[in-house]
Amino acid sequence: MSRTRTKPADSGPKKKEHLWFDELSMKEAENRARTRNVVIIPVGSVEEHGDHLPLCTDSLQPEYVALEVAKQTNCLVAPPLRYGVCNSTRGFPGTISITFESLHSMMRDILEELIRNHFTRILVLSGHAGQSHMAALRLAAQQTIWHHEKEGPENKPRIMVCSDYDFAYELKGKHFSENDGHAGTIETSRVMAIKPGLIKAKGKKSFPEIPRFEIVAYPERYFPTGVMGDPTVASAEKGRMINKYVVKEVAKLVEELKH
């Protein structure tokens, strides 16, 4: 007599893991905090990027990277902060720059609130990489670390702060011009790959020379097009290559933070 193999009972569709932190319920947030879950905070800006890219360029990129990394590592992505310190581009139409103090205070509050909710592994990922902007984020993280320095090893937070351009610009020299920069080949290619519908025009090549070390009232006079690089040779294919590399490198940071 042959034996028939019984099928296991259908347990229904597998519950989908949320990637966005604010899509969790109260109970889900409590449970995820127990697993030493990493939270990525994407930070961007509202800033000019020439005539061919949108004002949200610096926000699109870290948000895309954060979500792709979350899919690979099961980390969480916090609601993005889409304002930044834009000193050198403040004179261009459309740029909205907040103060160093505002960005620093906001990030400090967000970090402390995540830690209060027992999320102690945090990566601040900024698509805008201006010096004052990054300094505000790093100072907020440093002060938060100091504040929790005396806590035990299980509760002591770990925080990383970087720009996705720390990795994208590693591709200069081998794949792209060393002089490529703001709204140039790399940045235009990345947006073409992420959200091609927001490309406004082909863009114009511009390699302006800005005085070293000098503090000027109107830096936009030195780069009137708002571009530093050559967007005319950008492509979605190049953008996909760059984005893939950045996602891989940021995923490594997330895995490091889990320990």
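Here a visitor asks a guide how the labels on this predicted model are justified.

Visitor: Let's start with helix H4. How do you know that its span fits its number of residues?

Guide: H4 covers residues 131-147, which makes 17 residues. At 1.5 Å a residue they should span 24 Å, and the end C-alpha atoms are 24 Å apart, so the two agree.

Visitor: Which residues of H4 are buried?

Guide: They are His133, Met134, Ala136, Leu137, Ala140, Ala141 and Thr144.

Visitor: And why do you say they line one face of the helix?

Guide: Look down the axis of H4: the buried residues fall within an arc of 160°, so one face is what they line. Gln131 and Trp146, on the other side of H4, are exposed.

Visitor: What covers the buried residues of H4?

Guide: The cover includes strands E1 (38-43), E3 (121-126) and E4 (158-163), along with helix H3 (100-116).

Visitor: Take His104, then. Where does it lie, and what is it in contact with?

Guide: His104 lies in H3. Setting aside neighbours within four places in sequence, its contacts are Ala136, Leu139, Ala140 and Gln143. His104 is also 8.5 Å from Ala135, C-alpha to C-alpha, though 31 residues separate the two in sequence.

Visitor: Why is His104 called buried?

Guide: Its relative accessible area is 17%. Buried means under 20%, so His104 makes the cut.

Visitor: On to strand E3. What makes you call it largely enclosed?

Guide: Count the residues: six of the six in E3 are buried, so the rest of the structure largely encloses the strand. Arg121, Leu123 and Leu125 point one way, Ile122, Val124 and Ser126 point the other way, and all are buried.

Visitor: How many bridges join E3 to E1, and how many to E4?

Guide: Six bridges join E1 to E3, and these strands run parallel. Another pairing, E3 to E4, is also parallel and has six bridges. For landmarks, Val39 has Ile122 as its bridge partner in E3, while Leu123 stands opposite Met160 in E4.

Visitor: Now the rings. How many aromatic pairs does the structure hold?

Guide: Three. One of them is Phe21 with Phe119, at 5.1 Å centre to centre and 75° between the planes.

Visitor: What makes that pair edge-to-face?

Guide: Ring centres must lie within 6.5 Å to pair, and planes over 60 degrees apart count as edge-to-face. With 5.1 Å and 75°, Phe21 and Phe119 meet both conditions. The pair links distant parts of the chain: Phe21 is in the segment before helix H1 (26-34), Phe119 is in the loop between H3 and E3, and they are 98 residues apart.

Visitor: Are these two rings' residues buried or exposed?

Guide: Phe21 is buried, at 19% relative accessible area against the 20% limit. Phe119 is buried too, with a value of 1%.

Visitor: Why is the pair of Tyr165 and Tyr169 called edge-to-face?

Guide: Their ring centres are 4.9 Å apart and their planes stand at 65°, so the label is edge-to-face. Tyr165 is buried, at 7% relative accessible area. Tyr169 has 30%; partly exposed runs between 20% and 50%, so that is its label.

Visitor: Which charged ends sit over those tyrosine rings?

Guide: Over the ring of Tyr169 sits the charged end of Lys172, 4.0 Å from the ring centre. Arg190 does the job at Tyr165, with its charged end 5.1 Å from the centre of that ring.

Key: Residues are numbered from 1 along each chain as its sequence is written. This is a predicted model: local features need pLDDT of at least 70, side-chain atom pairs count only at pLDDT 80 or more; totals for chains, interfaces and linings use all residues. Side-chain values use heavy atoms; hydrogens and water are left out. Helices (H or I, at least four residues) and strands (E, at least two) are DSSP runs, numbered from the N terminus. The expected span of a helix is 1.5 Å times one less than its number of residues. Buried means under 20% relative accessible area, exposed over 50%, partly exposed in between (1.4 Å probe, protein chains only). The arc is that of the directions from the helix axis to the C-beta atoms. Contact means heavy atoms within 4.5 Å. Rings of Phe, Tyr and Trp (its six-membered ring) pair if their centres lie within 6.5 Å; planes under 30 degrees apart count as stacked, over 60 as edge-to-face and the rest as tilted. A charge sits over a ring if NZ of Lys or CZ of Arg is within 6 Å of the ring centre and within 35 degrees of the ring normal. Two strands pair if DSSP finds at least two bridges between them.
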